[in-house]
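Trainee: Can you walk me through this one? I'd like to start with the sheet and then get to the aromatic rings.

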Amino acid sequence: MKRNAIVLSVVTVAVALMLYAGSRMAAPHGAPTVAGKLRGNPQGSLAPDFTLQSVDGRTVRLADLRGKAVVLNFWATWCGPCKVEMPWLAELQKQYGPQGLEVIGISMDDEREKVLPFVKEVGADYTILHGTEEVGEAYGGVQFLPATFYVDREGKIVDRVFGLVSHSEIEGNIKKSLGTVAAAEPAHEHEEKHEGH
């Protein structure tokens, strides 16, 4: 009787280990992952790392883009202002890409099948990823779209913008990410320099 209990315990442990190993092996390769979470003012914070799938089937990890300036633009197909700025982002990607800019659009749509046709319609020919709730949460919840994070070459956030802003403001933030403009330069100092000319 005691021997049967021991055998039963060994079999139970073996089955549990096999189920655990099976569940680990069954996890999809390249499944989305997130590391880190922003709290409070994100300026100067390391951008939370993530791994997401692109609309063309690639696996993209933010940390692999270290050394480049990155624009992370959270958007959705139902977001009108997003549709306005996406062609601007495509244009700026072409203009500043040779200097090391990488624009990444992160779709927060639940219906993924709508994303690719929308991207083609607006001409967003930069990298588009399928976002997840976990990635959105890591970036503060992104309750308002578009939500854009400008990341410098060291992976630190230099600015965060909610809602639609002008083309020139987006370009200015890109320059800060690239390091071609001082990130902390107050606007009034910039105006004074122009007055002196």
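Mentor: Sure. Two strands pair if DSSP finds at least two bridges between them, and helices (H or I, at least four residues) and strands (E, at least two) are DSSP runs, numbered from the N terminus. This is a predicted model, where local features need pLDDT of at least 70, side-chain atom pairs count only at pLDDT 80 or more, and totals for chains, interfaces and linings use all residues. Residues are numbered from 1 along each chain as its sequence is written, and side-chain values use heavy atoms, with hydrogens and water left out.

Trainee: Which residue stands opposite Trp75?

Mentor: Strand S4 (residues 69-75) runs parallel to strand S5 (residues 101-107), and seven bridges pair them. Across from Trp75, in S5, you find Ser107.

Trainee: Which strands stand at the edges of the sheet?

Mentor: The sheet is open and mixed, with five strands in the order S6-S5-S4-S7-S8. Two of them have a single partner strand each, so one side is left without a neighbour: S6 (127-130) and S8 (157-162).

Trainee: How are the rings of Phe74 and Phe149 arranged?

Mentor: Rings of Phe, Tyr and Trp (its six-membered ring) pair if their centres lie within 6.5 Å; planes under 30 degrees apart count as stacked, over 60 as edge-to-face and the rest as tilted. Here the centres are 5.9 Å apart and the planes at 80°, so the pair is edge-to-face.

Trainee: Is Phe74 buried or exposed?

Mentor: Buried means under 20% relative accessible area, exposed over 50%, partly exposed in between (1.4 Å probe, protein chains only). Phe74 has 0% relative accessibility, so it counts as buried.
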